[in-house]
Amino acid sequence: MAMAPAALLAASLSAQAQSGGQQPPPKVPVIEIQPSSAAVYKEYTGRTEANRHVEVRAQVNGILESRDYVEGARLEAGDPLFKIDDRPFQAAVHEAEADLASARATLAAAQRDWRRISSLFDRGVASEKQRDDARSALETAQAGVKVAEAQLESAQIDLDYTSVTAPIPGIASRRAVDPGNLIGVGDRLVSIEEIDPIQVTLSYPVDDPFADSTALNPTPERTTPAEVVGVTGPEGEAITGELDYRASSIERGTNSIELRGVFDNPGDVLRPNRYVRVRLKVDEVSDAVIIPETAIGTGAEPNSTVVYVIDDENRADQRRVELGPMSDQGRIILSGLEPGDRLVIDGLLKVRPGAPVDPQDPQQGNGN
């Protein structure tokens, strides 16, 4: 029994000698390259803006009596905002109503005179001048009624302006004036921003490889679907919208072209002046070589990209490749790979050029 450990050690050394003292080749997932079709997506930097921004201003002079909204609250179109002292305007309406009543009475008298004079003229009793004077008086009275009606309408409009309501739905800002202040026509009272939906403006360089694509040239009649990357709604839903505008000119300072889109904004998760990434489909490809991002490594030369392919003897061969755009299936490879190549798609740290590997089916796991 004392000799058992020595026998085990000898057996272990004998096994290592028979195997040459080498470690088994690493197990790596390998796929065979097959051409496929995919949609090409690109991301662009954009900035959010309110879909509509309205500055509510006073349209009549007067004392501000009350503020009827909560600052920062969501408003609907027509919700009350402010109340201006309406007593002078109510008096103006009453005066205009009285003027209209007087004008209508004058018109009624002129109509009676016209009927009487025209009848007398037909019988040869009244003169032509009397008939003309009666007609002029009637026309003047009719015009007087129209003037009085317009004055009443104007007075009623000014009275209505004393109740300030929200012109659009949106978020109310802080008030610009307090109740009790005397305000004049044009004074700013509050701002309202509509942020659901919300706008996003973005731009792309004129030398963008997809600059001539339909996606980067949207119109109101031919919109481009898009999605805000990295932001979701309250229920985890994507923030989606459509690009519907392309600037007709190039921006001088940046040599780029501006696009604009309108996006749903559930829960107001996006606020104006936020930088976002916008993802949109710019192209569709067929018979393309597409590989996962995990298969791509960095080469020894500056800015070089490499992958590992497996030869017939299961040895790794480092291959330099030219990357294309991202697609919904993975990264498109422009050159360096051919259909039928066997590609290592993960575990690149375990692979060495010219060294053997143990290829594994990714669907069954790599055995690690």
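pLDDT is the predictor's confidence in each residue, from 0 to 100. This is a predicted model, and its protein chain averages a pLDDT of 90, with 93% of the residues scoring at least 70.

**View 1. The N-terminal stretch, residues 1–19, is where pLDDT stays under 50.** For this stretch the model has one contact beyond four places in sequence. Where pLDDT is low, the predicted coordinates should not be read in detail. Treat this close-up as a placeholder, then, and move on to the views below.

**View 2. Ile 291 sits in strand β13, which covers residues 275–291.** Is Ile 291 buried or exposed? Its relative accessibility is 0%, so Ile 291 counts as buried. Leaving aside residues up to four places away in sequence, the residues that Ile 291 touches include Ile 33, Ile 296, Val 307, Leu 337 and Leu 343. Gly 330, Arg 331 and Ile 333 are also on that contact list. Ile 333 is 42 residues from Ile 291 along the chain, yet their C-alpha atoms are separated by 7.3 Å.

**View 3. Strand β18 (residues 331–335) is joined to β13 on the one hand and to β17 on the other.** Strands of a sheet pair through backbone hydrogen bonds, either parallel or antiparallel. Here β13 and β18 run antiparallel and are joined by three bridges, with Ile 291 standing opposite Arg 331. Strand β17 (residues 322–326) also runs antiparallel to β18, again with three bridges. Look for Leu 323, whose bridge partner in β18 is Ile 333. The hairpin of β17 and β18 has four residues between the strands, and in it Gly 330 takes a positive phi near 145 degrees. Gly 330 is also one of the residues that Ile 291 touches, so this view overlaps with the previous one.

**View 4. Glu 293 and Arg 331 form a salt bridge, with the closest N and O atoms 3.0 Å apart.** The two residues are 38 apart and link distant parts of the chain: Glu 293 belongs to the loop between β13 and β14 (297–298), Arg 331 to strand β18. How accessible is each partner? Glu 293 is partly exposed, at a relative accessible area of 41%. Arg 331 comes out at 19% relative accessibility and so counts as buried, the cut-off for that class being under 20%. Arg 331 is worth a second look, as it also stands opposite Ile 291.

**View 5. Lys 42 and Asp 208 form a salt bridge, their closest N and O atoms being 3.0 Å apart.** Lys 42 lies in strand β2 (residues 36–57) and Asp 208 in the loop between β9 (188–205) and β10 (224–232), so this pair ties together parts that are 166 residues apart in sequence. Lys 42 is partly exposed, with a relative accessible area of 22%, while Asp 208 is buried at 7%.

**View 6. Two more salt-bridge sites come from a whole-structure search that finds 21 salt bridges.** In one of these sites, the side chains of Glu 313 and Arg 315 meet at 3.9 Å, N to O. Glu 313 counts as exposed, at 61% relative accessibility, and Arg 315 as partly exposed, at 35%. The other site is a network of salt bridges that links Glu 71, Arg 175 and Asp 178.

**View 7. Helix α2 runs through residues 87–122.** How far does this helix of 36 residues reach? From its first C-alpha to its last, α2 reaches 52 Å, close to the 52 Å expected at 1.5 Å a residue. An α-helix has 3.6 residues a turn, so residues three or four places apart point the same way. Keep that in mind when you pick out the buried residues of α2, among them Phe 89, Val 93, Ala 96, Leu 100, Ala 103, Leu 107 and Ala 110. Ile 117 and Ser 118 are buried too. What do the buried residues pack against? Their partner is α3 (128–160). Just after α2, Gly 124 takes a positive phi of about 80 degrees.

**View 8. Four strands make an open sheet in the order β6-β5-β3-β8, with antiparallel pairing.** Strands β6 (163–165) and β8 (182–183) are the edges, each pairing on one side only. Strand β3 (residues 62–67) runs antiparallel to β8, and two bridges join them. Ile 63 has Leu 182 as its bridge partner in β8.

Conventions. Residues are numbered from 1 along each chain as its sequence is written. Side-chain values use heavy atoms; hydrogens and water are left out. Buried means under 20% relative accessible area, exposed over 50%, partly exposed in between (1.4 Å probe, protein chains only). Contact means heavy atoms within 4.5 Å. Two strands pair if DSSP finds at least two bridges between them. A salt bridge is a side-chain nitrogen of Lys or Arg within 4 Å of a carboxyl oxygen of Asp or Glu. The expected span of a helix is 1.5 Å times one less than its number of residues.
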